[in-house]
Amino acid sequence: MEYSETESHFLDCPKCGHHFLHRLKVNFNTETHPEDRQSVRDGSAFQVRCPQCGAAWRVDYSFFYDQPQDQLALYCLLDLKEAASLADAIRRNLLPPEAAPTPVPSWQKYTWRVVRSLADFREKLTIFDAGLDDRYVELFKVFALNQLHVQQPDFQADEIRFARDPEQPAGARWPYRFTIVDNHRGQVAQTPFDESARPLFDQMEAHFGKDMETLFDHEPVIDLQWAQNYIASFHTKN
């Protein structure tokens, strides 16, 4: 059965308010469409231009991304109930039909993730492109936030993101950093992911590796809340 690559959506221009119909791509596949790999990373795949005033912006919407070459698949689902239902299906190996846009006999070996926003989706790609395990990145965030709280107890961390550091030159060995945002105070804290941070990352892999293999090998929702819950349960258990 064929599944549509695009869906029609009514959009409102944030600049002039023009209401118009636009086709958004909802199924990306880097094997059948190699250009998808770059377009989702540079954001052009999600950019819309108003046909009336010409204003351009990025749209946050639900879609499916398949990277068969690396056995990686990500669902970006804005609806909470839809995301929860899909995540449960993945845990029970009951994927919906559109989860296999190409014939992949070994889909069970895929890394499946369910995220709730375009920002979450692009962060996941950055993590996997860096050759890192997103489970340990999220666990690392917990330690980074705890350390920040000790150093700056008044800092309210509303968001923490793993991303490339634009100040690092191309080819840099450690071109990544964590950015922590306090929206209430309008403050930003940054922690580089460099040679000083990597030992802790490696220690976490050694310390929590068994649980990751036995408990979370097929867990599709890997985010900060998951990491905080796991750390809390780990301390309780031990």
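Here is a short chat about the salt bridges in this predicted model.

Visitor: How many salt bridges does the count come to?
Guide: The rule asks for a side-chain nitrogen of Lys or Arg within 4 Å of a carboxyl oxygen of Asp or Glu. Go through the model that way and the count is 16.

Visitor: Which helices hold lysine 141 and glutamate 123?
Guide: These two side chains pair up in a salt bridge, 2.8 Å from N to O. They sit 18 residues apart in sequence, so their contact ties separate parts together. Glutamate 123 belongs to helix H3 (residues 118-129), and lysine 141 to helix H4 (residues 134-151).

Visitor: Is lysine 141 buried or exposed?
Guide: Buried means under 20% relative accessible area. Lysine 141 comes in at 3%, and its partner glutamate 123 has 7% and is buried too. So at 3%, lysine 141 counts as buried.

Visitor: What is the N to O distance between lysine 124 and aspartate 134?
Guide: Lysine 124 is in helix H3 and aspartate 134 in helix H4, so this pair links parts 10 residues apart in sequence. Both residues are buried. Their side chains meet in a salt bridge with an N to O distance of 2.7 Å.

Visitor: Arginine 185 and aspartate 182 meet in a salt bridge; which residue of the pair is partly exposed?
Guide: Their N to O distance is 3.9 Å. Aspartate 182 has a relative accessible area of 0%, so that one is buried. The partner at 47% is partly exposed, and that's arginine 185.

Visitor: Which residues are linked in a network of salt bridges?
Guide: Lysine 141 and glutamate 123 turn up again here. The full network is Asp120, Glu123, Glu138, Lys141, Glu159 and Arg161.

Methods. Residues are numbered from 1 along each chain as its sequence is written. This is a predicted model: local features need pLDDT of at least 70, side-chain atom pairs count only at pLDDT 80 or more; totals for chains, interfaces and linings use all residues. Side-chain values use heavy atoms; hydrogens and water are left out. Helices (H or I, at least four residues) and strands (E, at least two) are DSSP runs, numbered from the N terminus. Buried means under 20% relative accessible area, exposed over 50%, partly exposed in between (1.4 Å probe, protein chains only).
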